[in-house]
Every structure is written in C-alpha cells, then in structure tokens.
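Reader: Please take a close look at one part of this model, the strand pairing, and set it in the context of the rest of the chain. I would like the cut-offs behind each term you use.

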Amino acid sequence: MVITTETIIILIWEFLTMFIIALYLYFEPTKIYNFIILKNDRIKKKDVQYNRNIDIDEDLFSEYYIAYNYGFIKKRNDIIGAILLKWAITGVIKIDKNPHKNNIKNEDCIIVLKGNPIKTFKDKRERTLYNMLYDASKDGILEEREFVEWGYNNHKKLAEWLNNVLKEEREIFIKEGKIKPIKKIFGVVYVSTSEIKDKAIKLIGLKKFLTDYTIINERQTTEVVLFEKYLIYAKLLG
C-alpha cells in the first residue's frame, strides 16, 4: 500500500478520532502553567499578516505552549497529533493497513512503531509519549482499539504528560528571560515579554496562511518538504 503525505494526515486524523473523544472525557481545556499577557503584548489577529515561513529549528513544544496560552489552540491534546504526524513523515512510525482486516477503510489502519526511543529522541517528552504508545500496543503494532482502551485506562498518565509539557516549557521560558515571575501578596504571577509576543504573531500569521492555504496561488510552488512541515503545524494549530 503506497502512503503519500496527503494519505498520512488523513489516516492519522481518522486513527485518532476515537482517542481524542476519549481524552475529552477527562481533560478540560482550562489554562494551566500559563502566563499573563500584558496589554501592550496583546494581539489583534485581524491585523496580523500571513506568515509563510517555518523555522526548521523551532521546537514544537515551545510553539504549542505559546499558541495555547494566546488562545488559538483550543485543545491541549493537539500536540499529540502533531507529534505523531511528524513521526510518520520522518519515519519513526509507519501508517499501514491492518493485515487482519479485509477492507481498507481508514479506521482499519495500524501504527507500526519503528524507532528506538533511546536513540531516536533527544527530547525526553517525545520518548515518554513513544513509550506510552508502545505500552498500549504491547508488541509495537498499535491498533485503534488498543490506543483507545489504553487511553481510557491511563488517562491520568496522559494528563500528567500534557501538564508536564506546559510546566517544562514555562520553566524554559523563565530561564531564557522570556517570561518574568513576579511575586505578589497572594503568590507568584508569570508575565510574558515582547519576545513571546513576536513568536505569537508569527504563529498567528502562519495559522492564517494555513487556513487560507487552498485559495492561495503560491501553494503550487511549495516544496514537498515544506508542505510536510505545513501539515504538522496545521495539526498543531488546530
């Protein structure tokens, strides 16, 4: 079965449908490990121009954290779909037809986990997510029903993983001076800086570009590699 880039994204979205529903039963989209956006750092989305550029060195986790806190990601678990899509494109996982099924419906796909988590992932959060998927599959071949069942039984692990992503990103931004902790009588508040705003503007512009991608003439000249990056960010940005 030939898997094109377009097919990959369709299959992943279909594969994750039931799992995302399961997640929503347990996760409320409330802000956690957030930061305060000062008046001068607020953004009027209608004033933001298209952004066609993607920094290949950027970290999906940091961009997810900014986008979520600025409110243009509504579901915390969108990061999971984006990472799975990245893994599929880079060959860490393979999407294939379930050999035990006679038809070829999208929901009858399997995810073959091909990577070695120690050698493949520099980021421990990706490694942890990969290990959870492998645990769900038991044998490295993950079917939808296995993923959904594991998600129901281990929703606390998934919630903790998502919360840790947000927590660690805030700590990273604090160390980099891009978020300022300020002590108040009632505790500590975390305030964003203009650097966070600049990144948010780029992400909002990218989301606007991706939203209108099908009506933009320049899409025909997009290179395959860049198009694959667009797919990942489209998933990340909802």
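Author: Among the contacts in this chain that link residues at least 6 apart in sequence, 71% join residues at least 24 apart, where contact means heavy atoms within 4.5 Å. The model is a predicted one, in which local features need pLDDT of at least 70 and side-chain atom pairs count only at pLDDT 80 or more, while totals for chains, interfaces and linings use all residues. Residues are numbered from 1 along each chain as its sequence is written, and side-chain values rest on heavy atoms, with hydrogens and water left out.

The chain holds 9 helices and 5 strands, these being DSSP runs numbered from the N terminus (H or I over at least four residues for a helix, E over at least two for a strand). Followed along the sequence, the elements come in the order α-α-α-β-β-α-α-β-α-α-β-β-α-α. Of the 238 residues in the chain, 46% are buried; buried stands for under 20% relative accessible area, exposed for over 50%, and partly exposed for what lies in between, with a 1.4 Å probe and protein chains only.

The strand pairing can be taken from β1 onwards. Strand β1, residues 93-97, runs antiparallel to β2 and is paired with it over 5 bridges, two strands being called paired if DSSP finds at least two bridges between them. Within this pairing, Lys94 has Val112 of β2 as its bridge partner. Strand β2, which spans residues 109-113, is mostly covered, since 4 of its 5 residues are buried. The same strand β2 is also joined to β3, again in the antiparallel sense, by 3 bridges, and here Ile110 stands opposite Glu143 of β3.

What is the setting of Leu142, buried or exposed? This residue lies in strand β3, and Leu142 counts as buried because its relative accessible area is 0%. Val112, the bridge partner of Lys94, is separated from Leu142 by 30 residues in sequence but by 6.3 Å in space, C-alpha to C-alpha. As a general point, side chains in a regular strand alternate between the two faces of the sheet.

The loop that leads into β3 deserves a separate remark. Lys138 sits in the loop between α5 (124-137) and β3 (141-143), and Lys138 has a positive phi of about 70° although it is not a glycine. Most residues other than glycine have a negative phi. Lys138 is classed as exposed because its relative accessible area is 69%.

A further pairing is found between β4, residues 179-184, and β5, residues 187-192, which run antiparallel over 6 bridges. The two strands are connected by a hairpin through 2 residues, and Ile179 has Ser192 of β5 as its bridge partner.

The packing in the rest of the chain gives these strands their context. The largest nonpolar core, meaning a set of buried Ala, Val, Leu, Ile, Met, Phe, Trp, Tyr and Cys residues joined through side-chain atoms within 4.5 Å, has 57 residues, and those with the most contacts inside it are Ile79, Trp87, Ile93 and Trp161. Helix α3, residues 78-90, makes the greatest contribution to this core, with 8 residues. Ile93 falls within the span of β1, which covers residues 93-97. Once neighbours within four places in sequence are set aside, Ile79 is in contact with Leu60, Phe61, Tyr64, Trp161, Leu162 and Leu236.

Two helical residues complete the picture. Thr90 belongs to helix α3, yet Thr90 is exposed, because its relative accessible area is 54%; its C-alpha atom is 9.7 Å from that of Glu228, a residue 138 places away along the chain. Asn69, by contrast, belongs to helix α2, residues 60-69, and Asn69 is buried, because its relative accessible area is 8%. Between the C-alpha atoms of Asn69 and Leu166 there are 9.6 Å, although these two residues are 97 apart along the chain.
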